[in-house]
Amino acid sequence: MSIKQGEYLKNLRKENKFSQEQLAEKLNISRQSISKWEQGISTPDIENFAKLAQLYNVSVDSLINGEPETQTEPEVQLPLSSVTVTDEEKNPEPKKKKRSWFFISYPIITVIIYAIIGTIVGKMGWAIGWIVFLTIPLFYTTIFAIEKKKPIIFCYPVLVTIIFLLCGLLLNKWHPMWILFLTIPIFYIATAKRKQ
């Protein structure tokens with residue numbers, strides 16, 4: 001999550017007169033989670049993004065972008081006699097992005113993959129297999145980053161953590177691999193500059 005997203009979440013919370021404790025209680029999570037979101041340390045999961053959007057009466061897109069959606073300029077009204085209005089224009093349906101079954105059920109798929117790894121590999125598989133759950137934020141933030149054409153949305157620290165843990169647990173390369181964490185600020189600096 002970026003600092004911009006965290007600031008936006010903090011501003012929305014304050015506008016709606018919630019303390020961190022009150023918001024945490026409404027979302028059934030810890031106050032520390034709210035604090036981490038607002039500091040840009042972590043990001044809400046998809047379920048909490050949806051709850052926040054409903055609670056604050058904003059779109060999930062605006063939460064992900066870290067800014068309110070821009071208002072379009074009012075259209076100039078023409079006299080009715082000079083305009084023919086079709087049925088589609090009378091009742092416009094909002095265009096929702098259709099998501100595949102895979103998008104919606106990805107968390108369930110990760111549970112199944114975790115169970116398969118644990119069953120096949122055994123005790124070590126159950127220990128290492130939980131890393132599969134870290135792919136959930138990667139999956140969703142990758143899709144949102146591509147759709148919005150904003151690479152800064154991508155959850156790069158989670159990718160680094162996955163690589164670090166896999167190299168450490170499977171190859172016992174804990175020492176040299178910690179250097180990967182130094183690339184996190186480089187990623188965010190590069191993607192922030194790309195946006196400008």
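Reader: How much of the chain counts as buried?

Author: Of its 196 residues, 33% count as buried. Bear in mind that this is a predicted model.

Reader: What makes up the secondary structure of the chain?

Author: Helices: there are 12 of them, and 0 strands. Reading along the sequence you get α-α-α-α-α-α-α-α-α-α-α-α.

Reader: Let's take a residue. Why is Leu-27 called buried?

Author: Its relative accessibility is 4%, and buried means under 20%. So Leu-27 counts as buried. You'll find Leu-27 in helix α2, residues 20-27.

Reader: Which residues is Leu-27 in contact with, leaving aside its neighbours within four places in sequence?

Author: Ile-34, Trp-37, Asn-48, Lys-51 and Leu-52. As for Leu-52, its C-alpha atom is 8.2 Å from that of Leu-27, with the two positions 25 residues apart along the chain.

Reader: And what makes Leu-166 partly exposed?

Author: Leu-166 comes in at 32% relative accessibility. Buried would need under 20% and exposed over 50%, with partly exposed in between. That puts Leu-166, a residue of helix α10, in the partly exposed class.

Reader: Which residues make the nonpolar surface patch?

Author: Leu-166 is one of them. The others are Ile-108, Ile-112, Ile-116, Ile-120, Val-121, Met-124, Leu-169, Leu-170, Leu-171 and Trp-174, and the patch is about 1100 Å². Two elements, α7 (101-121) and α10 (156-171), give two or more residues to the patch. The largest share is from α7, with 5 residues.

Reader: On to the rings. How many aromatic pairs does the structure hold?

Author: It holds 17 aromatic pairs.

Reader: Why is the pair of Tyr-156 and Phe-187 called stacked?

Author: Two values settle that. The ring centres of Tyr-156 and Phe-187 are 4.5 Å apart, and pairing asks for centres within 6.5 Å. Their planes are at 15°, and planes under 30 degrees apart count as stacked. So stacked is the word for Tyr-156 and Phe-187. The pair links distant parts of the chain, since Tyr-156 is in helix α10 and Phe-187 in helix α12 (residues 183-195), 31 residues apart.

Reader: How do you know whether Tyr-156 and Phe-187 are buried or exposed?

Author: Tyr-156 has 17% relative accessibility, and Phe-187 has 17% too. The limit for buried is under 20%, so Tyr-156 counts as buried, and so does Phe-187.

Reader: What makes Phe-164 and Phe-181 an edge-to-face pair?

Author: Their ring centres are 5.1 Å apart, with the planes at 70°. Planes over 60 degrees apart count as edge-to-face, so that is what Phe-164 and Phe-181 are called. Phe-164 lies in helix α10 and Phe-181 in the loop between α11 (174-177) and α12, so the pair ties together parts 17 residues apart in sequence.

Reader: Why do Phe-164 and Phe-181 get separate labels for accessibility?

Author: Phe-164 is at 15% relative accessibility, so Phe-164 counts as buried. Phe-181 is at 33%, so Phe-181 counts as partly exposed. The cut-off for buried is under 20%.

Reader: Which residues form one aromatic cluster?

Author: Trp-101, Phe-102, Phe-103, Tyr-106, Phe-139, Tyr-140 and Phe-144.

Reader: How do you know that Arg-99 lies over the face of Phe-103?

Author: Arg-99 is 4.4 Å from the ring centre, and the distance limit is within 6 Å. There is an angle limit as well, within 35 degrees of the ring normal. Arg-99 does count as lying over the face of Phe-103.

Technical notes
Residues numbered from 1 in each chain as written. Predicted model: local features only at pLDDT ≥ 70, side-chain atom pairs only at ≥ 80, totals over all residues. Heavy atoms only, no water. Helix = DSSP H or I, 4+ residues; strand = E, 2+ residues; numbered from the N terminus. Buried < 20%, exposed > 50% of the residue type's maximum accessible area, 1.4 Å probe, protein only. Contact = heavy atoms within 4.5 Å. Patch = residues over 30% accessible without salt bridge, like charges linked within 9 Å, V, L, I, M, F, W, Y side chains within 5 Å. Areas by Shrake-Rupley, 256 points an atom, 1.4 Å probe, with all protein chains shown as cover. Salt bridge = Lys/Arg side-chain N within 4 Å of Asp/Glu carboxyl O. Phe/Tyr/Trp six-rings, centres within 6.5 Å; stacked < 30°, edge-to-face > 60°.
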